[in-house]
Amino acid sequence: MKVSRRYVDSSSFKMALLFTILLSASAAILCYFLIEFGRRDFLRETEAAIDIEISMLSSFENTEEQLLPYIQRRAKDDAVVRFRYENQKGLLLGGSVDPMPEHMQKITEGVLGFDLLTAHGEQAFAAKIHTFEDGSRILVARNVHELIASYERLIHLSWLIMILMLVVVLVSFGISHFVVSRINRIAATAQHIVETGDLSQRLAIDSRWDDLSNLSEVLNGFLAKIEDLMNGVREVSNNIAHDLRTPLSGLRGDIEALKHRTVHEEQIDTLLSDVDHILAIFHALLRIANIEKGKRSLHMVEVDLGRIIQDVAELYEPLAEEREIRFDLRTSGNVTIKGDGDLLFQLFANLVDNAIKFAPEQSVINLSVAREGQFVVVLIQDQGPGIADDEKEKVFKHFYRGDASRSTPGNGLGLSLVRAVAGQHKARISLDNASPGLRVRILFQPYQ
């Protein structure tokens, strides 16, 4: 089912916006409760301390005689608490609060707030007034300067938390919008590829710091690999059609020519040779495909590359002697790797066969196996025409035959098999001009 990209973008934006609103509301509620609970704790603590003082004072039986010494003692022992004891007419009888503060404000029910001059300057006090049975009154005030300072710090901290949470909200919104837009862009590109089949499309990458950009790079590499594989499939199909059309057409013509004629054994051998050539092409293709796809189970054991090279040289020595070509074989000790001996034999056999085909008569083919650092290196070098630089990658493609190989027998699959086997063994293969000739260099991981 096709989904509109505009609808997806709109829905994703709404989800991100809803997420942002919820986080903002949560931050505001948290800030409110921090401030409100801090204020209530401040009032509760202050009022409780004053109520304790008033409860103590109200327990005295002889009010004036007992109050004045107590007020003096408390004022001496505790600088935080201050008193004002006055008679019915408002005249001061005792205490340090004189005169009565003019500017009082109601903090909460029954609790007043005002400023008094102290040794540290004017500071805030909270107070309650208690009236005795004889009509006299006492004001009990408590210094709340430190409590108010702590409360103000709590307010500032709450606002800081609020701001930080808003920053987190905005950053989260930006990241979510960024992620959603990138995902939608990836989805749109993938949908376009599915609808059009255009594998040349690539994901746009405009940053390098995020994981989605890394994912886009991986997907672009994946698309490039698929495109190469599809182009390879088309190229192989075209090459198969081209390379098989000629022998099949010739085979058909030869068979048709035999109609109503006496068939000789030589003609049958020629037809069988043509059929064998065609079958060899299909067998080579299937062998390469099975190796590349890993369908052929590899018998990975410790193998001696020097011994395999010697066996290949012995196998091709009669063919080389027919053209007066000599092998210069050099091997060193401890050149074992973990691999499939049969496949490695095919790999080296194909390379030696190519070297013999292109090497001039009375020349030398150098074969060497040696260790270079942690690698085991195999070199096969001839004195033939070599390969042009622009063809060094093409020769590994199925059915590719360069200008120098048009006149030589073969089907253009030998080096494809070489690359497939090397890939299965995680070996690196390179072609270099030896001036004259071609040097094939294969690097294998050492046996562990």
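This passage describes the overall make-up, one sheet and the nonpolar cores of a predicted model.

The chain contains eight helices and 13 strands. It has 448 residues, and 35% of them count as buried. The exposed area is about 27100 Å². Carbon and sulfur atoms supply 56% of that area. Among contacts with a separation of 6 or more, 63% come from residues 24 or more positions apart.

Six of the strands form an open sheet. Their order is S2-S1-S6-S5-S4-S3, and the pairing is antiparallel. Strand S2 (92–95) and strand S3 (105–108) stand at the edges. Each has a single partner strand, so one side of each is left without a neighbour in the sheet. Neighbouring strands of the sheet are turned against each other by 35 degrees on average, direction ignored. In general, strands of a sheet pair through backbone hydrogen bonds, in either a parallel or an antiparallel manner.

Two of the pairings illustrate this arrangement. Strand S5 (residues 121–131) is joined to strand S6 (residues 137–143) by seven bridges, and the two run antiparallel. Here Ala-126 has Arg-142 in S6 as its bridge partner. Strand S1 (residues 81–86) is also antiparallel to its partner S2, and three bridges join them. Tyr-85 is bridged to Gly-94 in S2. S1 and S2 form a hairpin, with five residues between them. In the turn of this hairpin, Gly-90 has a positive phi of about 90 degrees.

Attention now turns to the nonpolar cores. In soluble globular proteins, nonpolar side chains tend to be buried together. The largest nonpolar core of this chain has 43 residues. Those with the most contacts inside it are Leu-305, Phe-327, Leu-344, Phe-348, Val-378, Ile-442 and Phe-444. Both helices and strands contribute. Helices H6 (305–322), H7 (341–358) and H8 (414–424) each supply at least two residues of the core. So do strands S10 (364–372), S11 (375–381), S12 (428–433) and S13 (438–444). The largest share, nine residues, comes from H7.

Val-378 shows how these elements meet. Leaving aside residues up to four places away in sequence, Val-378 touches Leu-305, Ile-309, Phe-348, Ser-368, Val-369, Val-440, Arg-441, Ile-442 and Phe-444. Apart from the largest core lies another, of 19 residues. Its members include Leu-43, Ile-71, Tyr-85 and Val-144. Tyr-85 thus belongs to this second core and also takes part in the bridge to Gly-94.

Definitions and conventions. Residues are numbered from 1 along each chain as its sequence is written. This is a predicted model: local features need pLDDT of at least 70, side-chain atom pairs count only at pLDDT 80 or more; totals for chains, interfaces and linings use all residues. Side-chain values use heavy atoms; hydrogens and water are left out. Two strands pair if DSSP finds at least two bridges between them. Helices (H or I, at least four residues) and strands (E, at least two) are DSSP runs, numbered from the N terminus. Axes are lines fitted to C-alpha atoms, for helices over the stretch in contact, and angles run from 0 to 180 degrees between N-to-C directions. Buried means under 20% relative accessible area, exposed over 50%, partly exposed in between (1.4 Å probe, protein chains only). Contact means heavy atoms within 4.5 Å. Accessible areas come from the Shrake-Rupley method with a 1.4 Å probe; for residues, only the protein chains shown count as cover. A nonpolar core is a set of buried Ala, Val, Leu, Ile, Met, Phe, Trp, Tyr and Cys residues joined through side-chain atoms within 4.5 Å.
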